[in-house]
Amino acid sequence: MNSDSMTEVGTIAYDVEQLRKDFPILERRVHDNQSLVYLDSANTSQKPRQVLDALAEFYEQHNSNIHRATHALGEEATAGYEDARLKVAAFIGAPDPETVIFTKNSTEALNLVANVMTWGPRGLKPGDEVVITEMEHHSNIVPWQILCQRTGATLRWFGVTDDGRLDMSAIDELINERTKVVSLVHVSNVLGTLNPVAAVVARAHAVGALVVLDASQSVPQLPVDVDALGVDFVAFTGHKMCGPTGIGVLWGRRELLEELPPFLGGGEMIETVTMQASTYAGLPHKYEAGTPPIAQVVGLGAAVDYLSNIGMDAVAAHEKQITAYALEALATVSGLRILGPTTAVDRGGAISFTLGDIHPHDVAQILDGYGVAVRAGHHCGRPIHQRFGVSASTRASSYLYTTQSEIDALVVGLEKAKRFFD
Amino acid sequence: MQLESMYQEIILDHYRKPHHKGLREPYDVEVHHVNPTCGDEITLRVKLDGDTVTDVSYDSAGCSISQASASVLTDLVIGRAVETGLVAHGEFLALMQSKGAATPDEDILEDAVAFTGVSKYPARVKCALLSWMAWKDATAQAREKQFEPAGGISPAAASTPEGTS
């Protein structure tokens, strides 16, 4: 082990080279035998062997539908599925596992909340207001636009400062007695910004508004305690935290989940059904209509075990350290402009930037030629790109397996891109 | 290194010094097309005189592939018959859908044959096609206008294609 791969994180030795051995795909070579440098983890994370094994074991040994099969496999599958719910609840500090709802992804979780506010006891009306922010992912903008279109409510939003922070200057006017719901991102997938959730929650709750938190980027990177955050709903997705695609989570406060109407109707979410009407199951099944992605839930449980074994404090410390290293390294590239905070303070690991006049597609294509995988485009955040006067950016994003030498490879690739289009 | 197969010198030349760029008067139709996956945009104007394309002008923001493609397009259609341009359009579309397998007709496509390498990269095919789709759309609208009775109500001059991400 060399000094590059070993860093002291608290009292735990964090050995990134050892962790990398858990991820078979990191051994891949691409284009003319180049080593893969995967810097697109904000898009989706890679999966450790432990998660891949859990998926295979489920299908090979336990595959069955859940909550209805009266046979051995059905009981095993149900136990695996519900066991994962307990793991996820413990992982996010949810005191009540029945308030952990499995969804398809963060997008579905956010749409769920927006949908159950179109009608029922908390249905919005003309004159009501919904508050989001300019740095949201499209999945936390469009559902609220649709909600406002359907109900006649008004959509408003926080602006963003030049250094990529939430503009809190008008919070008391923005969140007012007409506000019914505030939905914001915890850590931005474009800017990397970690938002001041407590201040937003304090103001929102003072006027009786609910707070929804898009934690898609934060749950994978930081210790997250939903109860301590004080929000009302939290959405995140499995595939960005070492888990499979097709599985996400909505956590919500029990009294709200019980009070609000159902989202999708179908099997498993009912109590009784007649031709005239139905009554609904209790939590969490009320919000889990139809056969869920069972193996993916089991896989998410394995991902949570994997992250817990490393320790989220250690994951967060590594993320902060590698982000600081990357920000310093990128500052040496002339013509490079970072969108968002340029220091690793209150910041996640996604770093979006422009490089002179070279279009992000071209930057990413050159990097790909050298095996460096980044994302180019607006990263489902067109409004925040418009805010900074660009139509697109290149984004490098790290995770628990990212090394300093991979950041070095990125910088070398960027210099090559500059020479290519000079 | 496979990058050179995409970034041919001809493409880089057109990217650095695009031909016929800028919006000009007069024009029959103006369209605005976007690539929803990356936000690349083009505003393109077409002026026809009978069956001849007398001008194609454009303002665009995008990657080297989309910029170079617009430049090459204008070389191929300005001053020529609409039908000739549509034949080139068909050839270029087929080339871009060929996954690198086509042997393009240089007599028809001229500099556009340099885009053969781009067709091996599915994510970039849309970049290369952005201006061509805009031109076809604008030209179709301009031809419709030619057949309208004087003083008739013209169709919407600007259109945006549906997103296909």
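**Entry 1. Helices on the sheet of chain B**

I began with helix H6 (residues 122-146) of chain B, which lies across E1, E2 and E3 of chain B. I noted that H6(B) runs at about 35° to E2(B). The model I am reading is a predicted one.

I then looked up the sheet under this helix. In chain B, an open sheet of three strands has the order E1-E2-E3, and the pairing is antiparallel. Strand E1 (29-35) and strand E3 (52-61) of chain B are at the edges; each has a single partner strand, so one side of each has no neighbour in the sheet. For the twist I recorded that neighbouring strands of this sheet are turned by 20° against each other on average, direction ignored.

I followed one pairing in detail. E1(B) and strand E2 (residues 40-49) of chain B run antiparallel and are joined by seven bridges. Which residue of E2(B) stands opposite Val31(B)? I found Leu44(B) in that position.

I also checked helix H3 (residues 64-77) of chain B, which packs on the sheet and touches E2 and E3 of chain B. The direction of H3(B) makes about 170° with that of E3(B).

**Entry 2. The contact of chain A with chain B**

I next turned to the contact between the chains, which takes 16 residues from chain A and twelve residues from chain B. On the chain A side, helix H13 (360-369), strand E18 (375-377) and H14 each supply at least two residues. Which element gives the largest share of that side? I entered H13(A), with five residues. By class, I listed four nonpolar, nine polar and three charged residues on the side of chain A that touches chain B.

**Entry 3. H13 against H15 in chain A**

I stayed with H13(A) and looked up its packing on helix H15 (residues 404-420) of chain A. The two pack at an angle of about 120°, with their axes 9 Å apart. H13(A) and H15(A) are therefore oblique to each other, and H13(A) passes H15(A) in a right-handed crossing. From H13(A), I listed Val363(A), Ile366(A) and Leu367(A), which meet Gly413(A), Lys416(A), Ala417(A) and Phe420(A) in H15(A). I classed the residues of this contact as five nonpolar, one polar and one charged.

**Entry 4. H3 against H11 in chain A**

I took up a second helix pair in chain A. Helix H3 (residues 72-91) and helix H11 (residues 294-310) of chain A pack at an angle of about 40°, and their axes are 8 Å apart. That angle makes H3(A) oblique to H11(A). Is the crossing of H3(A) and H11(A) left-handed or right-handed? I recorded a left-handed one.

The residues of H3(A) in this contact include Ala77(A), Gly80(A), Tyr81(A) and Phe91(A). Among those of H11(A) are Ile294(A), Val297(A), Gly301(A) and Ser308(A). I noted ten nonpolar, three polar and three charged residues in the contact of H3(A) with H11(A).

**Entry 5. The two domains of chain A**

I closed with the division of chain A into domain 1 (6-48 + 311-417) and domain 2 (52-308). The C-alpha centres of the two domains of chain A lie 27 Å apart. I recorded 26 residues of domain 1 in contact with 30 residues of domain 2 in chain A.

On the side of domain 1 that touches domain 2, helix H12 (312-330), strand E16 (350-355) and helix H14 (382-387) of chain A each supply at least two residues. H12(A) gives the most to that side, with five residues. By class, I entered twelve nonpolar, eight polar and six charged residues for the side of domain 1 of chain A that touches domain 2.

Methods
Residues numbered from 1 in each chain as written. Chains lettered and ligands numbered in written order. Predicted model: local features only at pLDDT ≥ 70, side-chain atom pairs only at ≥ 80, totals over all residues. Domains from an automatic or database assignment. Contact = placed C-beta atoms within 7 Å. Helix = DSSP H or I, 4+ residues; strand = E, 2+ residues; numbered from the N terminus. Nonpolar A, V, L, I, M, F, W, Y, C, P; charged D, E, K, R; others polar. Pairing = 2+ DSSP bridges. Axes fitted to C-alpha atoms, helices over the stretch in contact; angles between N-to-C directions. Parallel < 35°, antiparallel > 145°, perpendicular 65-115°, else oblique. Left-handed = near helix turned anticlockwise from the far one by under 90°.
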